[in-house]
Amino acid sequence: MCPHILLVVLLVLAGCAGSNDATLEADGGTPLRIDLPPPETTGGFGLADALSNRRSVRDFTDQSLEPAELSQLLWATQGVTSEGGKRTAPSAGATYPLELYLVTDSGLHRYDPDQHGLELLAEGDFRAELAAAALDQESVATAAATFAIAAVYARTQERYGDRAERYVKLEAGHAAQNLLLQAVALDLGAVPIGAFRDSEVAQLLQLPSDHEPLYLIAVGRPATGAG
Ligand SMILES: Cc1cc2nc3c(=O)[nH]c(=O)nc-3n(C[C@H](O)[C@H](O)[C@H](O)COP(=O)(O)O)c2cc1C
């Protein structure tokens, strides 16, 4: 079975196992939507353990991530945690200027925090191209998934004017740290990546013109001895 079909099937099956309302919709022009299994929102690994064990990991096995792992990582980064739509990471004035994209061996996706689902933007394995845009960093080529945080400054500028650029970048740091700590808690390895060519990453991620890529976080299963 093709890897992308396998991912879709796995995500749907995992969603079915975790909830009854998993759906997979495709209608003409709208992106294919993939619901994720629900995240664990309580318990888990201790925070101090995650902080003590976090280290940048750049060497990964070739194993994919499970749908439940992707779900947990996405939720930790930008998941909704209150009825009013507030999220795991703080946001200046709750303006939520960040958009989260995911590049796996099966495709390019955009995370929808409100639905806790993924939109499939393009099928295929774009990891090598993303690595090329990230100055040929091997960790990006071999990571099971690279999470890309993009900023839409206008959302925060409307309220905070010139102060917004600072706020948005601080917010990307909050979101990235959530993701890094969640990766540790799932026994995964991750490395934050700041070295990349913005325009190439923006093009590869199909970012709208008002989105700017700020940060990549490559995640995978650590190769033995990686750290
Ligand atoms: C803003 C930022 C950008 C970074 N960019 C890269 C990068 O492009 N490639 C990389 O391998 N590591 C990158 N890192 C990871 C650092 O090299 C790493 O955090 C540092 O060596 C400390 O090691 P530790 O993360 O294991 O504590 C980046 C870290 C930060 C905070």
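**Reading a predicted model, value by value**

Q: What does Thr-142 touch, leaving aside its neighbours within four places in sequence?
A: Thr-142 is in contact with Arg-58, Phe-60, Thr-61 and Arg-127. The word "contact" is used because heavy atoms lie within 4.5 Å. Keep in mind that this is a predicted model.

Q: Why is Thr-142 called neither buried nor exposed?
A: Its relative accessibility is 27%. Buried means under 20%, and exposed means over 50%. The value for Thr-142 falls in between, so the residue counts as partly exposed.

Q: Where is Thr-142 in the chain, and how far is its C-alpha atom from that of Gln-63?
A: Thr-142 sits in helix 5, residues 138–142. Along the chain, Gln-63 is 79 residues away. In space, their C-alpha atoms are separated by 9.5 Å.

Q: Why is Arg-33 called buried?
A: Take the value: 15% relative accessibility. Set it against the cut-off: under 20% is buried. Therefore Arg-33 counts as buried. This residue belongs to strand 2, residues 30–35.

Q: What makes the pairing of Arg-33 and Asp-35 a polar contact?
A: Their side chains come to 2.4 Å. The limit for such a pair of N or O atoms is 3.5 Å. The value is within the limit, so the pair qualifies.

Q: Why is His-116 called buried?
A: His-116 has 12% relative accessibility. That is under 20%, so the residue counts as buried. His-116 lies in the loop between strand 4 (107–112) and strand 5 (117–123).

Q: Which residues surround His-116, leaving aside its neighbours within four places in sequence?
A: The list is Asp-35, Leu-36, Pro-37, Pro-39, Ser-71, Trp-75 and Tyr-111. With Tyr-111, a side-chain polar contact of 2.7 Å is made. With Pro-37, a polar atom of the His-116 side chain lies 3.5 Å from the backbone oxygen.

Q: What is notable about phi at Tyr-96 and at Asp-187?
A: Tyr-96 has a positive phi of about 45° although it is not a glycine. Asp-187 is not a glycine either, and its phi is positive at about 65°.

Q: Where do Tyr-96 and Asp-187 sit?
A: Tyr-96 is in the loop between helix 3 and strand 3. Asp-187 is in the loop between helix 7 and strand 7.

Q: Buried or exposed: how do you know which word fits Tyr-96 and which fits Asp-187?
A: Tyr-96 has 13% relative accessibility. This is under 20%, so Tyr-96 is buried. Asp-187 has 63%. This is over 50%, so Asp-187 is exposed.

Q: What makes a group of residues a nonpolar core?
A: The members must be buried, come from a set of residue types such as Leu, Ile and Phe, and be joined through side-chain atoms within 4.5 Å. The largest core here has 32 residues. Those with the most contacts inside it include Leu-65, Leu-73 and Phe-147. Helix 7 gives the largest share of this core, seven residues. A second, separate core has 25 residues, among them Ala-134 and Ile-193.

Q: Why might nonpolar side chains be found buried together?
A: In soluble globular proteins, they tend to be buried in this way.

Q: Which residues does Leu-73 contact, leaving aside its neighbours within four places in sequence?
A: Among them are Leu-65, Phe-147, Leu-179 and Val-219.

Q: What makes a residue part of the shell around the ligand?
A: One of its heavy atoms must lie within 4 Å of the ligand. The residues that meet this include Gln-137, Val-191, Ala-195 and Tyr-215. Strand 7 (residues 189–193) gives the largest share of the shell, three residues. By type, the shell divides into five nonpolar, three polar and three charged residues.

Q: Which ligand atoms pair with Arg-54, Arg-55 and Pro-192?
A: A polar side-chain atom of Arg-54 is 2.8 Å from a ligand oxygen. For Arg-55, a polar side-chain atom is 2.7 Å from a ligand oxygen. Pro-192 uses a backbone N or O atom, 3.1 Å from a ligand nitrogen. These distances are within 3.5 Å, so they fit the cut-off for polar contacts. Taken alone, the ligand exposes 620 Å², and the protein buries 55% of that.

How values were computed
Residues numbered from 1 in each chain as written. Predicted model: local features only at pLDDT ≥ 70, side-chain atom pairs only at ≥ 80, totals over all residues. Heavy atoms only, no water. Polar contact = N/O pair within 3.5 Å; in protein donor to acceptor, adjacent residues only side chain to side chain. Areas by Shrake-Rupley, 256 points an atom, 1.4 Å probe, with all protein chains shown as cover. Helix = DSSP H or I, 4+ residues; strand = E, 2+ residues; numbered from the N terminus. Nonpolar A, V, L, I, M, F, W, Y, C, P; charged D, E, K, R; others polar. Buried < 20%, exposed > 50% of the residue type's maximum accessible area, 1.4 Å probe, protein only.
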